[in-house]
Amino acid sequence: SLKWGVWMDGNEINGTWDEYLFSVATDATGNVYCGGATNNQLSRSYIGSAIFGYDSTYNDPGTSGNGNNRDGIIYEIKSDGTALLKVTYFGSTSPDAIYGLSLSPDYSTVFVCGYCSGNIPSGTTAAFDGTRNNNDGFVAVFNAGLTTLQYSTYLGGSSNSSGDRMVTIRAINNTDYVVGGRVNGALPTSTPNYILNAADAT
């Protein structure tokens with residue numbers, strides 16, 4: 001049976017706001033973490049008492065409300081669906097989206113992945129790949145409160161063609177993860193080396 005359902009959509013905001021939900025995960029209390037994209041600034045009147053986290057500003061890559069201009073978004077919903085608890089944007093000043101989301105086994109860390117078409121913020125830990133190639137995949141890691149960006153890295157091929165993106169992620173512990181996606185072009189083999197003990201290196 002369906003326990004509850006809720007909309008996260010802003011048609012009441014100039015009739016053009018949409019939120020795209022691509023991934024969910026639950027913590028030990030049943031609260032639901034969601035990852036996706038949005039094409040407008042969330043107003044304080046809409047989010048109510050929810051806490052804005054790491055980034056409270058929609059990084060508008062064009063006209064606010066345009067469905068093609070998306071910024072990544074992560075938010076937490078109360079376990080019974082009655083309240084939005086935390087929310088943060090994440091991305092560049094160009095279109096971005098979060099496709100995958102996973103919580104660490106102790107629920108203290110939030111891992112997300114997706115694609116970006118601009119430069120994303122850097123975390124406090126050095127990135128595996130600090131160079132973006134056109135539209136690139138990425139991984140970002142936050143604390144459970146969504147207030148601190150602990151880590152971020154680009155992931156993708158060496159080609160400047162568009163289409164690289166990471167679409168699914170699973171946290172192994174607080175620092176390690178498995179991520180899957182697609183790339184256009186060969187993966188780099190030095191600085192950084194993507195191919196290590198690979199079953200298929202081509």
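The questions and answers below concern the strands and the salt bridge of a predicted model.

In this predicted model, local features need pLDDT of at least 70 and side-chain atom pairs count only at pLDDT 80 or more, while totals for chains, interfaces and linings use all residues. Residues are numbered from 1 along each chain as its sequence is written, and side-chain values use heavy atoms, with hydrogens and water left out.

Me: Which residue forms a salt bridge with Lys86?
Reply: A salt bridge is a side-chain nitrogen of Lys or Arg within 4 Å of a carboxyl oxygen of Asp or Glu, and the structure holds 1 of them. Its closest N and O atoms are 2.6 Å apart, and both residues are buried, meaning under 20% relative accessible area with a 1.4 Å probe and protein chains only. Lys86 lies in β5 (residues 84-90) and its partner in β4 (residues 71-77), so the pair ties together parts 10 residues apart in sequence; the partner is Glu76.

Me: Which residue in β5 is the bridge partner of Ile77?
Reply: Strands are DSSP runs of E with at least two residues, numbered from the N terminus, and two strands pair if DSSP finds at least two bridges between them. β4 and β5 pair in the antiparallel sense over 6 bridges, and they form a hairpin with 6 residues between them. Within this pairing, the partner of Ile77 in β5 is Leu84.

Me: Which strands stand at the edges of the open sheet?
Reply: The sheet holds 4 strands with antiparallel pairing, in the order β6-β7-β8-β9. Two of them have a single partner strand each, so one side of each is left without a neighbour in the sheet; these are β6 (96-103) and β9 (149-155).

Methods. Buried < 20%, exposed > 50% of the residue type's maximum accessible area, 1.4 Å probe, protein only.
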